[in-house]
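Here are a few quick notes from my pass through this one. Have the structure open next to them as you read.

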Amino acid sequence: MASQKFDQIDLQILGELQKNGRMTNVELAQMVGLTAPPCLRRVRALEESGVIRSYHADLDAAKLGYGITVFAMVSLRSQAESDLKAFEDYVGGLPEVRECYMLNGEIDFLLKVVARDLQSFQSFLTAHLTSAPNVTSVKTSLTIRTAKQLAGIPVED
């Protein structure tokens, strides 16, 4: 898939919105050196093209009672496309699974899972992951601390 070409102003808009998606169009326009109407047209074009996928709040998991984050490495019995898709659909319905990546190599999927505590994670693991259809093994790593966590991607301007 070829990437789109963006000019300097598009990149500035993307960078600023990635830092603060709640700013007003007038504030954004001032930051990137445009008036409000052309800035809004550019933002809408970026949204319509799918470059800007959504806007959301960055929540503090611990303050909401989710004290642990675990990475689970899942291996499946079969890697047929229908089985891979079935697993993706299955974990898509589990709210504790916050991210799911299909990998190349020994492990089929890497999941980022949040839980309130170790006991609730253990219950989740046995009730939902190790017993899931087509799962042969689940290896887990409990995070100790987060040294870096940035939303989005690097936007070069």
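What follows is a short set of points on a helix pair, one of its residues, and the cysteines.

1. First, a caveat: this is a predicted model, so please read every value below as computed from it.

2. Start with the helix pair. Helix α1 covers residues 8–19 and helix α2 covers residues 25–32. Their axes sit 10 Å apart, at an angle of about 130°. That angle makes α1 oblique to α2, since it falls outside 65 to 115 degrees and is not over 145. As for handedness, α1 and α2 cross in a right-handed way.

3. Who makes the contact? On the α1 side you'll find Ile-9, Gln-12, Ile-13, Glu-16 and Leu-17; α2 brings Leu-28, Met-31 and Val-32. By type, the residues of this contact split into six nonpolar, one polar and one charged.

4. Glu-16 deserves its own look. Is this residue of helix α1 buried or exposed? Glu-16 is buried, because its relative accessible area is 17% and the cut-off for buried is under 20%. Leaving aside residues up to four places away in sequence, Glu-16 touches Met-23, Leu-28 and Met-31. Leu-28 and Met-31 also turn up on the α2 side of the helix contact.

5. Now the cysteines. How many disulfides does the structure hold? The count is zero. Cys-39 is buried, with a relative accessible area of 0%, whereas Cys-100 is partly exposed at 30%. Cys-100 gets that label because 30% lies between the 20% and 50% cut-offs.

Notes. Residues are numbered from 1 along each chain as its sequence is written. This is a predicted model: local features need pLDDT of at least 70, side-chain atom pairs count only at pLDDT 80 or more; totals for chains, interfaces and linings use all residues. Side-chain values use heavy atoms; hydrogens and water are left out. Axes are lines fitted to C-alpha atoms, for helices over the stretch in contact, and angles run from 0 to 180 degrees between N-to-C directions. Helices (H or I, at least four residues) and strands (E, at least two) are DSSP runs, numbered from the N terminus. Angles under 35 degrees count as roughly parallel, over 145 as roughly antiparallel, 65 to 115 as roughly perpendicular and the rest as oblique. A crossing is left-handed if the near helix is turned anticlockwise from the far one by less than a right angle, and right-handed if clockwise. Contact means heavy atoms within 4.5 Å. Ala, Val, Leu, Ile, Met, Phe, Trp, Tyr, Cys and Pro count as nonpolar, Asp, Glu, Lys and Arg as charged, and the others, Gly among them, as polar. Buried means under 20% relative accessible area, exposed over 50%, partly exposed in between (1.4 Å probe, protein chains only). A disulfide is a pair of cysteine sulfur atoms within 2.5 Å.
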